[in-house]
Structure formats: structure tokens, C-alpha cells
Amino acid sequence: MSRHVRSDQGTALLETSLALPLLIVIVSGLLATIYLSFARIWFERNGYEALICLSTSTQAFRCEQEFRERIADGLPIGWLESVRLTRSRKHASIQASFAVSGTTVFRSRNELVLPLQAEKGRNNHGSPF
Amino acid sequence: MDLRSDFPRANQEGFVTTALLILLPLLLSAGLVVAAAGLLLKTDNRLRHLCRHELLRAQDEIANDLHQLLRLNRKAMFLRQQRRLAESMILNPQTRPAGLLLRAAVKARQGPLALEQRSLYLHAKAKSSFAPRWVRRSLADELRKMQSLFSEPRRQEADSISITDLAHQSSLESASFDVTISPPDSETPDYRPSPRFQERQVMRVRWRFRVVALFPAWIRRWIKGSNLRLNSQCAAGLERISVKTGGMEKWRPTLIADKL
């Protein structure tokens with residue numbers, strides 16, 4: 001009488017070929033989330049610094065140039081889709097968007113009232129961050 | 001005899017789970033690194049915002065003192081003119097009594113005015129000199145507050161941030177409140193910003209601190225030897241606002257753009 005022997009050779013290969021695409025998607029998704037979380041913080045921070053730059057006597061185009069350089073240095077994946085820095089006597093504003101692989105991932109829109117004034121009467125430790 | 005039956009078969013199940021277990025620490029590490037970077041950026045933002053706010057507030061108060069000084073110049077000039085008139089009247093024997101009376105009256109008015117001018121000048125000068133130091137103290141307090149979020153507040157640790165640490169690793173530029181006092185021998189002179197006032201009124205605070213000091217104790221244990229420091233700075237000054245001819249000049253606080 002012959003015994004039926006179960007062979008589990010090739011299980012790993014089969015498992016891998018089934019699970020690998022899912023694994024790639026999960027890992028890529030996690031890595032993308034981590035990168036985009038950092039990118040958001042970096043983008044917002046440098047947008048605010050650009051606004052502060054606009055509140056000084058620095059020319060607007062230099063503020064924009066510095067903003068672009070900082071985004072390019074800190075975020076190697078993705079690019080600035082649009083940047084618009086405007087300054088008038090009473091306001092400085094920034095509108096910018098960041099894209100990865102042709103998709104806009106976040107936008108920023110911020111404004112400062114000029115001239116900059118410290119809040120009178122109490123210590124203001126509240127920051128926009 | 002079948003040798004193969006003597007050895008246990010290799011179990012190939014669970015390969016994917018094993019792969020995930022290997023990848024998970026790497027992903028966690030990447031997540032922790034990004035979280036740490038985020039924490040540092042937020043800390044830097046808060047400190048810069050605090051520094052800018054405090055320096056702007058100090059410059060705003062100094063600008064108020066300056067405007068008051070400038071407003072008093074007209075009265076000071078009038079009293080000097082009256083004093084010169086009184087002195088010239090005294091020289092003439094016919095008008096001497098009236099001159100003496102006038103001089104006494106002018107002196108009585110010049111005294112309080114001189115006191116007010118001097119008080120404003122010294123207040124602005126002191127503020128210009130000491131404001132960066134107060135800002136540095138505020139920064140140290142803020143850093144300690146953030147540190148205490150992760151550690152017990154009363155615990156004294158070697159790398160907790162003290163004002164001394166920040167003092168050794170920071171540089172300050174005080175403003176000089178450079179005004180010309182003219183005429184120098186008058187009791188109530190004019191106080192005017194010097195030609196280099198705007199340049200000399202810049203206050204700057206630069207600081208750096210060890211990054212490890214921000215993290216909880218259990219992380220610090222692993223990266224104790226790290227000497228990585230975060231540098232930052234802020235600066236503020238006064239800028240002149242254009243005025244109409246004959247109008248009093250106005251100054252307003254402004255941030256100064258600086259590259260690290």
C-alpha cells in the first residue's frame with residue numbers, strides 16, 4: 001500500500017508570489033505616509049518663514065527663491081507645483097502647493113498682517129505651530 | 001533504510017510573516033526618525049516665534065520712548081530759545097530784572113522736562129541693552145517646559161537645559177539706542193536718532209542646544225554620546241517710516257532677515 005506523502009516544497013515561493021505585491025503596497029504606503037508627514041511639516045514651516053521674510057525689507061523674489069531652495073533641499077521627492085508670494089502695505093501672503101508624481105498632495109495658504117506687532121499686555125507663547 | 005525520513009522536513013510556512021517581522025523594525029525606525037525630526041522642527045518654530053515676538057515687543061516699547069523723546073524736542077527747543085533770550089536780557093541793565101525773572105521761570109520748566117527726557121532716554125537705552133538677555137532667559141524657560149513634558153519636572157539631569165547652558169552656547173547682539181544729544185551742554189537738549197541709528201538698533205539672539213536634551217530619558221540613554229546641536233537665531237530692529245515734510249519722524253519695529 002502506498003502512502004500519500006504531503007509535499008510542502010515550494011510553499012515559500014507560492015506564499016511569496018501571492019503576498020509580495022501586498023507586502024510592497026503596504027510597505028510603500030507606510031513609507032509614503034512617513035515621508036508625506038515630514039513633508040507637510042517642512043512645507044508649512046518654510047511657508048511661514050517665507051511670510052516672515054516678506055515682512056522684512058528683503059525683496060519678494062529673494063524670499064521666494066529661498067523658499068524654493070529650502071523645499072528642494074528638504075524634500076527630494078516631489079516638487080513645488082505653484083508658489084505665489086505677495087506683499088502689500090498691510091498684508092503679506094503665500095499660496096503654494098506641493099505635488100508628488102503629478103498629484104497635488106497639499107496646499108498652503110497663509111497671511112500675515114503688516115506691520116508685524118507683538119501682542120501687547122501678555123506673553124504670547126502661542127505659535128502657529 | 002530511508003535517510004530522508006530520519007531528518008525533520010524543513011517547514012516553509014510563515015515566510016511572509018518572517019519577512020514582515022524583519023521589515024517592521026526598519027519601518028518603525030523610519031517612523032521614529034521622522035517623528036524626531038518633526039519634534040525638532042516644531043521646537044525650533046516655537047523658539048523662533050517666541051524670540052521674534054519678544055524682540056518685536058521690546059523694539060515697540062523702545063520706539064514709543066523714541067517718539068516721546070522726539071515729541072519733547074519742540075518744547076526743549078522753545079525753552080532753550082527762552083533761556084537764550086533771558087540771558088541776553090540779563091546782559092542789558094535795563095532789562096535785567098525781567099531777564100532774571102524769565103530765566104527763573106524757564107529753569108523751573110526746564111527741570112521737569114530734562115528729567116522726563118533723561119528718564120525716557122535711559123529707559124530706552126536699558127531696554128536696548130538688556131532685551132536680548134531677557135529673550136534668552138525666555139527661550140531657556142520654554143525649552144525647560146518642553147523638556148519637562150517628557151521627564152519628571154523636579155529631576156535634575158546632567159543634560160537638562162539650564163540658562164547657563166544656553167548662555168554658553170548663544171551669542172547676543174544688543175542695540176545701542178544711538179541718539180545724538182544736541183547741544184550737549186544744554187539742560188534740555190534735542191534727542192535725535194543718529195545717522196546710523198537704524199543699523200545700530202538691531203538686536204540679535206543666536207542660540208544652540210543639544211538635540212538629545214529634548215527627548216525622553218529612555219531614548220537619551222541610547223544616544224547619550226550624540227553631540228548634535230540645533231542652531232537658530234532671530235533679529236529685530238527699527239525702521240523709519242517715511243513722513244511728510246515737517247512732520248515728526250516715525251519708527252516701527254521690524255524683523256531682520258538673517259541667514260544662518
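1. Let me start with the vocabulary: helices (at least four residues) and strands (at least two) are DSSP runs, numbered from the N terminus. With that in hand, the elements of chain A can be read from the N terminus on as α-α-β-β-β, that is, 2 helices and 3 strands. Please keep in mind throughout that this is a predicted model.

2. A few overall values for chain A may help you get your bearings. The chain has 129 residues, and buried ones make up 37% of them. About 8300 Å² of chain A is exposed, with carbon and sulfur atoms supplying 56% of that area. Among the contacts in chain A with a separation of 6 or more, 47% are between residues 24 or more positions apart.

3. Now to the cysteines. How many disulfides does the structure hold over all chains? There are 2. One of them joins C53(A) to C63(A), with an S to S distance of 2.1 Å. C53(A) sits in helix 1 (residues 11-55) of chain A and C63(A) in helix 2 (residues 60-74), so this disulfide ties together parts that are 10 residues apart in sequence. The link between C53(A) and C63(A) is left-handed, at -80 degrees about the S-S bond.

4. Are the two ends of that chain A link buried or exposed? C53(A) has a relative accessibility of 9% and therefore counts as buried, because the cut-off for buried is under 20%. C63(A) is buried as well, with a relative accessible area of 1%.

5. Chain B has a disulfide too, between C51(B) and C234(B), with S to S at 1.8 Å. This pair links distant parts of the chain: C51(B) belongs to helix 1 (residues 15-91) of chain B and C234(B) to strand 5 (residues 229-241), 183 residues apart. The C51(B) and C234(B) link is left-handed, with -65 degrees about the S-S bond. C51(B) counts as buried at 0% relative accessibility, and C234(B) does so at 5%.

6. On to the charged side chains. Side chains of opposite charge can pair when their charged atoms come close. A search of the whole structure finds 22 salt bridges over all chains, and the next points pick out some from chain B.

7. R83(B) is worth a look on your screen. Its side chain meets that of E87(B) in a salt bridge (3.4 Å, N to O). Both R83(B) and E87(B) lie in helix 1 of chain B, 4 residues apart, which is about one turn of the helix. E87(B) is partly exposed, at 30% relative accessibility.

8. Which other acidic side chain does R83(B) meet in a salt bridge? The partner is E187(B), at 3.6 Å from N to O. R83(B) lies in helix 1 of chain B, while E187(B) lies in the loop between strand 2 (179-182) and strand 3 (190-193), so the pair ties together parts that are 104 residues apart in sequence. E187(B) counts as partly exposed, at 39% relative accessibility.

9. A salt bridge also connects two strands of chain B: the side chains of R206(B) and E173(B) meet at 3.9 Å, N to O. R206(B) is in strand 4 (residues 203-210) and E173(B) in strand 1 (residues 170-173), so parts that are 33 residues apart in sequence are tied together. Both ends count as partly exposed: R206(B) has 35% relative accessibility, and E173(B) has 33%.

10. Finally, take a look at the charged residues of both chains together. R45(A), E49(A), D44(B), R48(B) and R52(B) are linked in a network of salt bridges.

Key
Residues numbered from 1 in each chain as written. Chains lettered and ligands numbered in written order. Predicted model: local features only at pLDDT ≥ 70, side-chain atom pairs only at ≥ 80, totals over all residues. Heavy atoms only, no water. Buried < 20%, exposed > 50% of the residue type's maximum accessible area, 1.4 Å probe, protein only. Contact = heavy atoms within 4.5 Å. Areas by Shrake-Rupley, 256 points an atom, 1.4 Å probe, with all protein chains shown as cover. Disulfide = S-S within 2.5 Å. Salt bridge = Lys/Arg side-chain N within 4 Å of Asp/Glu carboxyl O.
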